[in-house]
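Notebook open, viewer loaded. I'm jotting down what I look up as I go.

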2 protein chains.
Amino acid sequence: MARGAAQQTAHHTHNHKACIEDALTTARDLCAERGVQLTPLREKVLQIVWKSHKPVGAYDVLDELARSHKSARPPTVYRALDFLMAEGFIHKIESLNAYLGCVEAGAPHSGLFLICRKCGATEEIADPKLEAALDQASKRAGFQAERRVVEISGICAQCAA
Amino acid sequence: MARGAAQQTAHHTHNHKACIEDALTTARDLCAERGVQLTPLREKVLQIVWKSHKPVGAYDVLDELARSHKSARPPTVYRALDFLMAEGFIHKIESLNAYLGCVEAGAPHSGLFLICRKCGATEEIADPKLEAALDQASKRAGFQAERRVVEISGICAQCAA
DNA sequence: TGGCCAATGCTACACTATAACAAAGTTCCC
DNA sequence: GGGAACTTTGTTATAGTGTAGCATTGGCCA
């Protein structure tokens with residue numbers, strides 16, 4: 001699963017380095033606030049997940065991590081991913097068994113994802129109205145919703161053009 | 001993963017045998033219409049998936065299938081599951097890596113699922129308004145939606161009571 | 001009767017994820 | 001500063017999910 005350096009963005013070329021820096025800074029700040037540790041290992045994993053706007057598999061993270069961290073093993077990666085998810089810094093894309101940096105880090109939340117099956121770029125969109133509609137639908141069925149998984153696959157605007 | 005005979009329904013006790021029979025009859029009719037083969041193997045797998053209203057893992061299907069079909073292997077099961085999904089008779093629940101009988105077999109479609117994390121019962125609900133809202137949201141992002149995964153986990157009405 | 005196609009058999013393997021226990025590092029209190 | 005409690009990481013092994021690739025069978029029909 002080679003994920004090249006080019007074509008990393010969801011919509012157009014942009015300064016992706018700034019994306020990564022934003023994500024890392026936000027994570028550092030939030031961890032400080034919360035009194036939890038963004039250890040070098042965890043930070044490195046977060047950086048790897050943020051290398052592109054495409055969901056990345058745990059074993060791809062492991063391969064990349066192992067270059068700087070020879071002792072890395074599957075549990076190393078999964079523990080870091082679990083931490084990052086618990087803090088709301090990344091999401092798991094269930095339909096791909098892969099992980100994606102969260103653009104709205106802060107409150108842990110369920111996102112809504114648009115996944116391009118051609119280029120792999122995945123966009124997280126926030127749509128309060130839609131979220132409310134989902135909660136409505138649950139409530140109507142007498143169901144206490146706790147977690148939402150909403151993943152839409154198809155062709156992104158760039159690939160369609 | 002013991003899935004008992006009791007407590008099989010999403011909402012209340014009901015004649016689950018009728019559920020299964022309905023599903024099998026519908027599948028037989030549709031396959032005849034479409035000129036595809038609902039072989040004994042595929043029918044058996046469909047029946048196993050329909051044993052309850054809880055999503056069932058592929059390897060649980062395999063265990064059950066092997067009782068009557070000694071040569072069954074993972075590919076046996078996955079091929080049958082793929083066929084049944086392609087024909088719209090079952091759904092895959094991505095967040096559980098498990099499969100569930102479709103209550104609205106016929107047109108292949110993406111469902112919306114309410115998954116109880118306590119009893120496992122999973123209800124498929126149809127909500128055209130919500131589906132339209134999801135399509136709207138995609139379109140607004142210039143995205144051509146092809147497949148939807150919508151899975152809501154929480155506590156069902158029965159378990160809450 | 002031979003060629004084609006769909007379905008199944010079968011072996012092996014790839015990919016995803018966790019259990020369980022050991023070791024090292026951190027915090028905080030006295 | 002010593003040490004208990006806790007968090008994080010190391011390490012080995014294994015469980016769980018899914019597919020590749022080729023062989024075999026059986027029906028259809030030209």
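**Cysteines**

How far is the sulfur of A:C116 from the closest cysteine sulfur? I get 3.7 Å, to A:C119, which is too far for a bond, since a disulfide is a pair of cysteine sulfur atoms within 2.5 Å. A:C116 is buried, at 2% relative accessibility (buried is under 20% relative accessible area, exposed over 50%, partly exposed in between, with a 1.4 Å probe and protein chains only). I then tried B:C156, where the closest cysteine sulfur is that of B:C116, at 3.7 Å, again too far for a bond. B:C156 is buried too, with a relative accessible area of 7%. Over all chains I end up with 0 disulfides.

**Ground rules, noted before I forget**

This is a predicted model, so local features need pLDDT of at least 70 and side-chain atom pairs count only at pLDDT 80 or more, while totals for chains, interfaces and linings use all residues. Residues are numbered from 1 along each chain as its sequence is written, chains are lettered from A and ligands numbered from 1 in the order in which they are written, and side-chain values use heavy atoms, with hydrogens and water left out.

**DNA strand C**

I count 18 residues around DNA strand C, the closest being A:Y59, A:K92, B:T39, B:S71 and B:R79 (near means a heavy atom within 4 Å of the molecule or strand). Of the strand C atoms within 4 Å of the protein, 50% belong to sugar or phosphate and the rest to bases.

Next I went for polar contacts (pairs of N or O atoms within 3.5 Å; within protein, one must be able to donate a hydrogen and the other to accept it, and residues adjacent in sequence count only if both atoms are side-chain atoms). On the base side, the side chain of A:Y59 puts an N or O atom 2.7 Å from a base nitrogen of strand C, and a polar side-chain atom of B:R79 also sits 2.7 Å from a base nitrogen. On the backbone side, A:Y99 has a polar side-chain atom 3.3 Å from a phosphate oxygen.

Which element gives the largest share of this surface? Helix 4 of chain A does, with 4 residues (helices are DSSP runs of H or I, at least four residues, and strands are E runs of at least two, numbered from the N terminus).

**DNA strand D**

Here I also find 18 residues, with A:T39, A:S71, A:R79, B:Y59 and B:K92 closest. Helix 4 of chain B supplies the largest share of the surface, 4 residues. I noted three side chains with an N or O atom by a phosphate oxygen of strand D: A:R42 at 3.2 Å, B:Y78 at 3.1 Å and B:K92 at 2.5 Å.

**Core**

The largest nonpolar core has 30 residues, and A:L112, A:L134, B:L112 and B:L134 touch the most other members (a core is a set of buried Ala, Val, Leu, Ile, Met, Phe, Trp, Tyr and Cys residues joined through side-chain atoms within 4.5 Å). Elements giving two or more residues to this core include helix 5 (128–140) of chain A and helix 5 (128–140) of chain B. I clicked on A:L112: beyond four places in sequence, its contacts (heavy atoms within 4.5 Å) include A:L130, A:V150, A:I152 and, in chain B, B:L134.

**One buried glutamate**

B:E87 lies in the loop between helix 4 and strand 1 (90–93) of chain B. Buried or exposed? Buried, at 13% relative accessibility. The side chains of B:E87 and B:R34 make a polar contact of 2.7 Å.
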